[in-house]
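Please look over the sequence and the model shown here before reading on. The text is meant to be read with both in view.

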Amino acid sequence: MDCTVFGRKNVNTRNRVDRFVLPREYVNEMRRRSWPPGCDSGPLDLNYSIGEKLKHKRYANYLDKALGVHRDPCTPLRQLWPCIPRKKSFLSSADSILDLPKYSDAIFPELLDWSKDNILVAALGSNYHKLSCSSQTIVSQVFTRYEIQCCKFDPRGELLLLGTHMGRVEIHNNARNKRETEAKCQCVRQRVLNASKAEFEIHYCSVTAVDWSPTGNSFVTGCSFGVVMSLTRAAEVVSCRRVLRDPICLARVSPDARYAAVTAVNSAVVLLLTWPALDISSTMNSDCMIKTITWHPWRSALLGVGAVTSELQARVVVWNAPTNEVQERKLAPKPFSLDAMLFSDRTGELVASLWNSENALFYPKICSQLVVLSNPETVVDQWGEGPSWPDRVRTMVFNPDGTKLATATSDEDLIIWNFLPEDKVKKNPKRKRFSALPVYQDQATHGFSIR
């Protein structure tokens, strides 16, 4: 049977040797895997748990302090980001496991997003599929002109932004599932084939990164030629600038709508641009490869940068954009590298997908862990230890109220996790937050704002 998008995963819909022998309803844990042959006598410790290691480390530090043993004369480390950590574990079971066929073929991972009206979209190839998480049904399937590279809902939940091949950015109406307008990247390259006959070869880019401003009045795009553009909600170009030579893989607008952070594929540089003028404000050069960037929702411009060293060790850098203060810390023990990370809007905790680089060569299916951290030394929740391991997570998004987490894995699984208990009282989502002051200043000065 052919795989369908958002189809529930079991042995009948997925014919692979690494799937379960029994259907999932007969297994206690939804992601429990059996031990691979011969691993019991192997040299690798598959029960290695990041959370347990950090617990032992904290307990050893407690004993040293109680006994008066001073092993490290350094001052205590500062809290890198604000958060209210959970009191107990909620990431113990998956709410549902769905199928994402052909997702493993995608070069750029950000093909998943969750809208304000509780619609989950997955962009695969030249079409995107919408799943209503309330009714657990597919509500629509829409085709685009070119293959989709990235997608993003606007904060109001009215528009869906799609970056595609041929330098196109399509804006679709979320309610009508139709394209309203499109914009073209202004970085078309020409190569001269024959100057005497005026023959040229045109090279088109691909729009590989998109993000909305927190107000929803404008958005940013990044392309495979290293060009970043800021555009209005009506797809009118505000500014265009080539800032990097390599393809842009991530672009993020800060919560106060004053900065845009961008980085390229396999790059060690993160650029901080003013928004929406796109002037270079500051640059962070690192000796690590940048894997992901994300803004903290509780601060006006606090950027979290996830990186991997040459020894495949995960590190996190917290960059305060207004003061240009940078703090760096190890995110996990040495065998673990980083795939993706995201801050929670509700608790301020950092969710990270880590993988064991030592086990990855021989046991690729049992090398990943999904952890929730209140700081780099404290794991407050975790999934993936002992015989229970998720596949490597390429991207993750929260639902509108922040109680569920959707992860897209390299094994084409869409796993929706119970991140926090659901709210009994609905909260007001129309909060002005940090962008209110910059927008007011624009309106007072110019009479309008495109932030």
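The paragraphs below go from the whole chain to its cores, then to a strand, two sheets and a helix.

This is a predicted model. The protein chain holds two helices and 30 strands. Of its 451 residues, 54% are buried. Among contacts with a separation of 6 or more, 51% join residues 24 or more positions apart. The accessible surface of the chain is about 21,700 Å², and carbon and sulfur atoms account for 51% of that area.

The interior comes next. The largest nonpolar core contains 28 residues, and those with the most contacts inside it include Phe 6, Leu 100, Leu 112, Ala 406 and Leu 414. Elements that contribute two or more residues to this core include strand E2 (112-114), strand E4 (127-132), strand E29 (404-409) and strand E30 (413-418). Strand E3 gives the largest share, five residues. Another core, of 20 residues, lies apart from this one; Phe 336, Leu 338, Phe 343 and Leu 354 are among its members.

How many of the residues of E29 are buried? Six of the six are, so E29 is largely enclosed by the rest of the structure. In a regular strand, side chains alternate between the two faces of the sheet. In E29, one side carries Lys 404, Ala 406 and Ala 408, the other carries Leu 405, Thr 407 and Thr 409, and all of these are buried. Leaving aside residues up to four places away in sequence, Ala 406 touches Leu 112, Trp 114, Leu 120, Thr 395, Met 396, Val 397, Leu 414, Ile 415 and Ile 416.

E29 also has strand partners before and after it in the sequence. Strand E28 (residues 393-398) pairs with E29 in the antiparallel sense over five bridges, and Met 396 stands opposite Thr 407. These two strands form a hairpin with five residues between them, where Gly 402 in the turn has a positive phi of about 75°. E29 and E30 also run antiparallel, joined by five bridges, with Trp 417 in E30 as the bridge partner of Leu 405. The hairpin of E29 and E30 has three residues between the strands, and Glu 412 in its turn has a positive phi of about 65°.

Two open sheets can be followed elsewhere in the chain. In one, four strands are paired antiparallel in the order E16-E17-E18-E19. Strands E16 (248-253) and E19 (280-285) are at its edges, each pairing on one side only. The twist from one strand to the next averages 20°. Five bridges link E16 with strand E17 (residues 259-264), and Ile 248 has Ala 264 in E17 as its bridge partner.

The other sheet has four antiparallel strands in the order E20-E21-E22-E23. Its edge strands, E20 (289-295) and E23 (325-330), each have a single partner strand, so one side of each is left without a neighbour in the sheet. Neighbouring strands are turned by 20° against each other on average, direction ignored. E20 pairs with strand E21 (residues 302-308) over six bridges, and Trp 295 stands opposite Leu 303 in E21.

Helix H2 (residues 436-446) ends this account. Its residues Pro 438, Val 439 and Asp 442 are buried. Seen down the axis of H2, the buried residues fall within an arc of 100°, so they line one face of the helix. Leu 437, Tyr 440 and Ala 444, on the other side of H2, are exposed. Gly 447 follows H2 and has a positive phi, near 90°.

Definitions and conventions: Residues are numbered from 1 along each chain as its sequence is written. This is a predicted model: local features need pLDDT of at least 70, side-chain atom pairs count only at pLDDT 80 or more; totals for chains, interfaces and linings use all residues. Side-chain values use heavy atoms; hydrogens and water are left out. Two strands pair if DSSP finds at least two bridges between them. Axes are lines fitted to C-alpha atoms, for helices over the stretch in contact, and angles run from 0 to 180 degrees between N-to-C directions. Buried means under 20% relative accessible area, exposed over 50%, partly exposed in between (1.4 Å probe, protein chains only). Contact means heavy atoms within 4.5 Å. Accessible areas come from the Shrake-Rupley method with a 1.4 Å probe; for residues, only the protein chains shown count as cover. A nonpolar core is a set of buried Ala, Val, Leu, Ile, Met, Phe, Trp, Tyr and Cys residues joined through side-chain atoms within 4.5 Å. The arc is that of the directions from the helix axis to the C-beta atoms.
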